[in-house]
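Hi everyone, thanks for making time this morning. I'd like to walk you through two spots in a structure, a strand and a pocket, so please have the viewer ready.

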Amino acid sequence: MAGDGYPAISDYAFLSDCHSLALVGRDASVEWACFHRFDSSPVFARILDRDRGGYFRIAPSGDYHVTRRYLPQTNVLETRFETATGVVTVTDCLPVREDLTRPGRPERRSPGHMLLRRVRGEAGVVEMDLEFFPKFEYGMTTPLLELLGDDLAVASGGPETLLLQSGLGPLRHSGIGGCTARTSVAADEERYVALTDSRAGALAVRRLSDVELRGRLEETVEFWSRWASRCTYQGPYREMVVRSALVLKGLIYDRSGAVAAAATASLPEEIGGERNWDYRYAWLRDSSAMMAVLAGIGYVEEAGQFADWLLRTTAGRADDLQIMYGLGGERLLHEVHLDHLEGYRHSRPVRIGNGAWNQFQLDIYGELLAATWFVVRQRNWRPRGPGRFAFIRDVVELNIQRWQELDEGIWEIRGGRREFVFSKLMAWLCVDRGLRLLEVIPELAADTELRGRWEQARSDIRTSLETRGVDPRTGSFLQAYDHDALDASALQIGLRGFLPFDDPRILATIDRIEAELTRNGHVYRYLGDDGLLGSEGSFVFCTLWLVSALACAGRIEAAEAHLARVLDCANDLGLLAEEIDPDTGEQLGNFPQGFSHLGVIAAVLNLGFAQGHDVGFVLPGALDTTGTADRTHS
């Protein structure tokens, strides 16, 4: 336990069927589960309140030693309990079956989604307990629970209805809204427990046979292993690359193609602090980068799916872009404090929704164009239909109109707008990648006036960045114009190809970030006032940016050391949260975090490229750089 009865954030495992998700503790307790959509209200939320949140646990009655793993190349969890009397495994998944008409994508099931749990005796006899205590709408609703015989229970309240089918002995009421069961499981015995979720009033009560449930488990293993086998990367750290790709796939909401930034809401960046945010939404920055890296290791279908979602969501109008959306394309994501929840380890407020939805962040235009260029160049993907060509053009034009404006920046700082160096970098990148797309998309290339205007804008942005973005005292890049603070995002100036890695300003930036923003090998985003109380941990993605930058600069040994520190902090399943406490190695923030796993893939591939390995492609925002080659005509 991390403290106050709460498990460490790293104690959890992640399950997904690309519509629903769940987190499972080391004791096989489901303590976070959102059905139908990742951003829906959970039916278990004990991770945010030990008493009010609700949970669903299957574990031995007595003492045990536990180990766990994902079944190879899947998001199917196996927890192994060794007791004084025997050994038992609990296998958990959110069942999914591949849609043969849409390779790599789940079949759409209706009306409900399921959490499937198999209990198998491996040796001896083990007495097992089932504890089922759902709470709906973030713990606000204790459901009405009805037992339908010994093996079925229906929990209903508000918008949710759950059907529990248990093969672990007769179910018995326990308290209000919950039930329990106890039975012994002997070697070679299999028992199945299925929890099906439906919208209120839509549940069909039907007992499923063990044969049918076993088939659902086998289909799920097949789906994930088949998807993982498409990964084209074959170099060092492949296992971690595949695990990170599986996390990213699990964060894609298949019904729309949107990508959630993380699986959870309000896990704290500082224990007991206020930096607790809801990350179950689709940020254009995160999504674009994740889709590009997935496409780069063989998953082009997902990139096209995201592009389709983006055009639908914005109705093809660049000036309607906002930094983030709900998974169905919703724009209004108003932030709400849930004061009835105590928060993970008393970290309050607990927030749902995200108040950054209406911020202006200039960098999103560059992220979109960089991802588009990468997929076009590396995987020969082409936009389909005239609407996409016009959209690309309009994004660049809007970027040119707005690049001199102040914004909230990549870190969504709530202390006021500034002229952030990273934002200007991405404004330059937007125009640069737009010009490159002119070379390969005939529908854009015909407009000669467009080319001249874009080339001038690219030159103007470069001059501004090189003139105002550099600290005259140290020669390193800064966080913002007219501010002397340092920011890890300055590492991207080399990684995005703006300057070669032998440029003294890039080397000075790397040296300063290692000296001033790094603690015990882990990198902070920035230090100083950002409009919020308290502090935060080191940012995993920033440490991985440093790995990439060091590798590109030829400092291979240092890059390997920083990568090792990050991977040593991953949990036993290879999962990473948003941040790490650099003193204790404790994971902090929402979990698992897409940016962190994107960063792992990027860092591994950049390191491999720098060492001379054939990684199969050149990464966006990493070795998307050929040094001075990227500066041609800019």
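Let me start with one cut-off: a residue counts as buried when its relative accessible area is under 20%. Keep in mind that what you see is a predicted model.

With that in hand, let's go to strand β7, residues 86–93. How many of the residues of β7 are buried? The count is 8 of the 8, so the strand is largely enclosed by the rest of the structure. In a regular strand, side chains alternate between the two faces of the sheet. Here, Gly-86, Val-88, Val-90 and Asp-92 point one way from β7, while Val-87, Thr-89, Thr-91 and Cys-93 point the other way, and all are buried.

Now, the neighbours. β7 pairs with strand β6, residues 77–82, in the antiparallel sense over 6 bridges. A hairpin of 3 residues takes you from β6 to β7, and Thr-79 sits opposite Val-90 in β7. There is also antiparallel pairing between β7 and strand β8, residues 113–133, over 8 bridges. In that pairing, Cys-93 has Leu-116 of β8 as its bridge partner.

On to the pocket, for those of you who like docking boxes. The second largest pocket has a volume of about 270 Å³. Which elements give two or more residues to its lining? They are β5 (65–70) and α2 (238–250), with α2 giving the most, 5 residues. The lining includes Arg-69, Tyr-70, Arg-238, Glu-239 and Asp-572. By class, the lining has 5 nonpolar, 2 polar and 5 charged residues.

That's my tour, and I'm happy to take questions!

Key. Residues numbered from 1 in each chain as written. Predicted model: local features only at pLDDT ≥ 70, side-chain atom pairs only at ≥ 80, totals over all residues. Heavy atoms only, no water. 1 Å grid on protein atoms, 1.4 Å probe; cavity = no way out; pocket = protein on both sides within 12 Å on 5 of 7 lines; lining within 4 Å. Points joined across faces, edges and corners; volume = space filled by probe spheres on them. Helix = DSSP H or I, 4+ residues; strand = E, 2+ residues; numbered from the N terminus. Nonpolar A, V, L, I, M, F, W, Y, C, P; charged D, E, K, R; others polar. Buried < 20%, exposed > 50% of the residue type's maximum accessible area, 1.4 Å probe, protein only. Pairing = 2+ DSSP bridges.
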